[in-house]
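Me: Please pick one part of this model and go through it closely. Then set it in its surroundings, piece by piece.

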Amino acid sequence: MRFDKTEISLAAVAIALVLFGFVSPGWLIFLLTIAFAKALVVQGVVMQMRSGLVSFGQGLFYCIGGYTVGMGGQFFGIHDAIAALSLGMLVAIAVAMVLGLLLTRYRDIFFAMLSLAFSMILFGILVKSPELGSTDGFNVHNWTIFGWAPDGGESSQHTVFTLTILAGLVIAVLIHRYTKAGIGVICEAVRENEVRVEYLGLSPRWLLYGNYVSAAAVSALGGGLTALATGHVDPEMAYWTTSGEFIFIALLGGLGHVAAPFIAAVVFSVVRTYAIELVPHTWQMILGFTLLGVIVFLPKGLWSLVSRKKAGERA
Amino acid sequence: MKNNKTTFSKYLVSGVAALALTAGLASGASAAENGKFRIGIVTFLSGPAAGPFGVPSANAAKVLVEALNKGELPAPYNKIGINGAEIEAVIIDEAGGATKQVEEYRNLVQRQKVDAVIGYVSSGDCLAVAPVAEELKTFTIAYDCGTSRLFVENSDAKYMFRTGLDASVDNIGAVRYLAATRPDVTRLSGIQQNYSWGQDSWADFTAAAAKLLPESEIVEEQFPKIYQGQYGAEISALSVKRPEIVHSSFWGGDMEALVLQANARGLLEDATGLLTCGEASLATYKDQAPNGMIIGARGPFGAFAPENELNTWFKGVYNAAYDLDPVYPATKMAQAILGLKFAAENAGLADKEIPTADQLAAGLKGASFPSVSGTVEMARGNGHQAMQGISYGEYHYEDGKASIVNSVSFSGECVTPPEGVSAADWIAQGFPGAQCN
Amino acid sequence: MTSLLAVLIDGSIYASWLFLVAAGLTVIYGVMRILNMAHGSFYAIGAYSAASLVGWYFNNGIGPAWISYLLLVGAALVAGLIVGVIIERGLLRLMYGRDEILMVIITYALLLILEDTMKIVWGVNPYFAYQPYSELGRTSLGLLKVSNYDLSLVGVSAVIGLVLWGLLERTNTGKVLRAVIHDREIAVAMGVNVRLMFTITFVIGTILGALAGALTAPAISVVPGIGIEVIVLAFAVVVIGGLGSIGGAAVGALLVGLSRAAAVHYAPEFELFVIYGVMSLVLAFRPEGLFGRTLARKI
């Protein structure tokens, strides 16, 4: 296997981060773990944005991933973290395969609203489930990796951090190859002009379907890792404002590079946590201005989104 | 495909990260060495829970910390600060969900190096933070959250405490009040917010009613979405069933809207409202709530707090600072801070010594301490959960003044499940061992 | 039987409220193709302005009660005008021509900013300006007692709907607006001052949103976060009715209102899901919404 420059630099950064984890204070490790786990969910959002769809309901798969990990430990005795994470991805794929049949018929705002609707339906179902703790959710504990259990809190935090970095690296490399491969390029073509893709003999609908299912799996992985790191899951993971946060981060980073969501997630987390500490009463405004600032002053970050010609402008 | 944004972002993020690290390390050094006792206080500063809960709590914390630092409290709390060390309070926002709160808790403990944490209105946040408190070995007091699951799921907690009451006490007390004042009532109904707080409250209420008011039946129950704000259809659905009692665990803006709308449509004239969190809006209802509406304060708090020396003093300074009487969240915050102070000063430490988490935990576990609400006994949850009585009374508005009349109180032993027994089981068994007068 | 009557009445009241909330959103989208996520914030600003003004009015015992209704509408008009003009001229104007999704995200950033702006201006304590609501009393229909204020909202909503329709169908400005909705480029080519149209439309939309909030304020306790709750409802109604269609918003509001009232009375467990269920059902059969125009795809 030949690794290109991007993949090698990604691996180098990952190794540096893992080493950094040994010398950082606990709060920073936790912040980075959550940021990178979120970035995985955002990768799912970005994958769909590249094909022209904005998913306002990616929280659905984020929540499925998290709850599967939690329920696996609580109800089904699945304590191995890797098994639980994989199970989460499988469940998400199954759900996506069903929902995708309906959703890929829609575009633009209708796709966004329907995806939002389904994530809110999951939210409603979880809220009405007292066995799952309703809105209080439940805690995720006692997980192991291939039989080895981390002892004590700090070690378990560190383990999740390393696990997240490695998962992030694997996903990043896979997505990088995906975007460079035929399928990734054709997804961008679907965004540009669906009708022409049809004329090429391909089906945009099934391309979007495959994209949707893959994005669901990646997001579920992010959800599962968040559950392991935080030790808690609750239905808020499926609420639309959580999905809005993912879109925020996706736009912050832009679609240009596979590392962008990771960087954007870290920037977002840092800005938010310091905003909460320094201006506890107006931190939302700071976030809003940051987003506006990025959109207005750094349009190049959003260049691939911006460069798309609006349908109809070619009269 | 590198572009300017990626490069710019890389610089931006490395710069911010470097800044974060230095700031973190710097603040870390200062916190650990300045000889003050740093308390992290977590409550809602934004969102719908800020007005009814977060703001009164934060206000109470501020006014109490200021007075403590000047040593102005009545005995036995007249020592300055915490054990002679000045208090530094860091107040942060509880908004953002449980995942966010776990992150902020870790920041408080590891970055801002607080010596103790007091906070949490939301049950979800309490449940998420409890295991982290154990992991980081930080003395933490939950002052308001009501979930009965807290010490069921954390039965071997060492550092997590709760000076507020278990929510099952609210509804057991409510039914006992009905049994005492309206024993012939038969048609009960309820409207709860559709989330765990509302669902659990209704479950406790209906189970207790089945035992203490065996002739009664539930004629209607409604579960609107939280923050819905408009209850036209729900009020109609309740009205057509002609209930005698309308129970609600609503709080905040939803509660005020419900009272306004139900009253305007006559539901609260035909039936009697029973609001378990009603006292929080005592000053707001004015003539929009009927006289006779039953309200509670989740314990002997707010307007139900006794006229002891501590409470009289507390009401005085709170009034002086904010021109308002303290409502129950404010009383509960004061109670938590007093519990912390009691634990620190009864741990056998030298003057101005900062107690460790272990010392604080030992000082509060199973303790009995004087508070603004009377005596608090940490008699449940293995010495980590407070037990107190509860009072309910009727709202009365006359000549521009709101007050509570026909108040009935029940002792802790009457409404609190015994150690080791879950509320649901205790109710189902018919309250064995309850000592009511 | 009473339940059926209750469903009809409650459903209509809720529908008229939904229509008020959604009207501004659909107008803005129809003309400017901007899906305004900050619409909920305009609602909240209207509610806060009205509640604080009416509260001040009654607390100082200034005058008779009937003036408070004028104050409600006035507060909404002024707040909507100011906010609308500032946002449209100050921010959105710089962003026209960008991708639709980008505009949505810009309005999302606006939502965050406005939420905290409201907190700074009005604080976090609830505003409880109930007098206009309770003054009108109630009407008894057997077991059912309905607030006259809620009933009059149905009338107000109908009037506003008719006024909007009249504006669009009967006035010159309305016709020009419809031309812009139909095809912006040709409208520009015909010499229409599209920029001015945009400002007018946005301000109308903002005022409508603020008006919905202002008229709702006397019935509720105005607290932070009421804007967020309203956004998803407004979006769902607009999508069901078809983006840009006032008639569609009315029909969508009726559908959702009646379904929800029916659910509350007959099947309360499903009340949470009703709006999403209706939306999914409608979109499954009419992918563009009930009155949405199927757009020709341009190759």
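Reply: Start with a working rule: two strands pair if DSSP finds at least two bridges between them. On that basis, chain B holds an open sheet of seven strands. The model is predicted, so read every value here as computed from it.

The order across the sheet is S7-S6-S8-S9-S10-S14-S15, with mixed pairing. Its edges are strand S7 (217-222) and strand S15 (401-410) of chain B. Each of these edge strands pairs on one side only. Direction ignored, neighbouring strands are turned by 25° against each other on average.

Now look at the S15 end. Strand S14 of chain B covers residues 390-398 and pairs with S15(B) in the antiparallel sense. Eight bridges join S14(B) and S15(B). To find the register, go to Ile390(B): its bridge partner in S15(B) is Phe410(B).

At the other edge, find helix H8 of chain B, residues 232-239. H8(B) lies across three strands of chain B: S6 (187-191), S7 and S8 (245-248). Against S7(B), the helix runs at about 165°.

Next, step back to the whole of chain B. It has 15 helices and 15 strands. Its C-alpha trace spans about 65 × 65 × 45 Å along the principal axes. The radius of gyration of chain B is 23 Å. A compact globule with 437 residues would come near 22 Å, which agrees.

Two backbone details in chain B deserve a look. One is a cis peptide bond, from Ala75(B) to Pro76(B), with omega near 0°. Pro76(B) sits in the loop between helix H2 (50-69) and strand S2 (87-93) of chain B. The other is Asn382(B), a residue other than glycine with a positive phi, near 60°. Asn382(B) belongs to the loop between strand S12 (374-380) and strand S13 (385-387) of chain B.

Chain B also touches chain C. The contact draws 32 residues from chain B and 37 residues from chain C. On the chain C side, the elements that give two or more residues are helix H1 (2-32), helix H5 (131-135), strand S2 (144-147), helix H10 (226-241) and helix H11 (246-266). H1(C) gives the most, with seven residues. By class, this side of chain C divides into 21 nonpolar, eight polar and eight charged residues.

Follow the contact into chain C. This chain has twelve helices and two strands. From the N terminus, the run is α-α-α-α-α-β-β-α-α-α-α-α-α-α. The two strands form a hairpin with two residues between them. Strand S1 of chain C (residues 138-141) pairs with S2(C) in the antiparallel sense over four bridges. Thr139(C) has Val146(C) in S2(C) as its bridge partner. In this hairpin, Gly142(C) takes a positive phi near 70°.

Among the helices, inspect H7 (residues 172-182) and H9 (residues 194-216) of chain C. Their axes come within 11 Å and cross at roughly 105°. Angles of 65 to 115 degrees count as roughly perpendicular. H7(C) and H9(C) are therefore roughly perpendicular to each other. From H7(C), the residues at the crossing are Val176(C), Leu177(C) and Val180(C). They meet Val194(C), Met197(C) and Thr201(C) of H9(C). This contact has five nonpolar residues, one polar and no charged.

For overall dimensions, the C-alpha trace of chain C spans about 60 × 45 × 35 Å along its principal axes. A compact globule with 299 residues would have a radius of gyration near 19 Å; chain C has 19 Å, which agrees.

Last, the record. An unreviewed UniProt entry lists "transmembrane region" for residues 12-35, 65-87, 108-129, 149-168, 196-220, 226-258 and 270-287 of chain C. Check two of these spans in the model. Residues 12-35 of chain C are 88% helix and 0% strand, with end C-alpha atoms 26 Å apart. Residues 149-168 of chain C are 100% helix and 0% strand, and their end C-alpha atoms lie 28 Å apart.

Chain A carries the annotation too. Its UniProt entry, also unreviewed, lists several "transmembrane region" spans, including residues 53-76 and 109-127. Residues 53-76 of chain A are 67% helix and 0% strand, with 36 Å between the end C-alpha atoms. For residues 109-127 of chain A, the span is 100% helix and 0% strand, and the end C-alpha atoms lie 26 Å apart.

Key
Residues are numbered from 1 along each chain as its sequence is written. Chains are lettered from A and ligands numbered from 1 in the order in which they are written. This is a predicted model: local features need pLDDT of at least 70, side-chain atom pairs count only at pLDDT 80 or more; totals for chains, interfaces and linings use all residues. Two residues are in contact if their C-beta atoms, placed from the backbone, lie within 7 Å. Ala, Val, Leu, Ile, Met, Phe, Trp, Tyr, Cys and Pro count as nonpolar, Asp, Glu, Lys and Arg as charged, and the others, Gly among them, as polar. UniProt positions are given in the numbering used here, feature names are shortened, and annotations may be inferred rather than shown by experiment. Axes are lines fitted to C-alpha atoms, for helices over the stretch in contact, and angles run from 0 to 180 degrees between N-to-C directions. Angles under 35 degrees count as roughly parallel, over 145 as roughly antiparallel, 65 to 115 as roughly perpendicular and the rest as oblique. The radius of gyration is taken over C-alpha atoms; the globule rule is 2.2 Å times the number of residues to the power 0.38.
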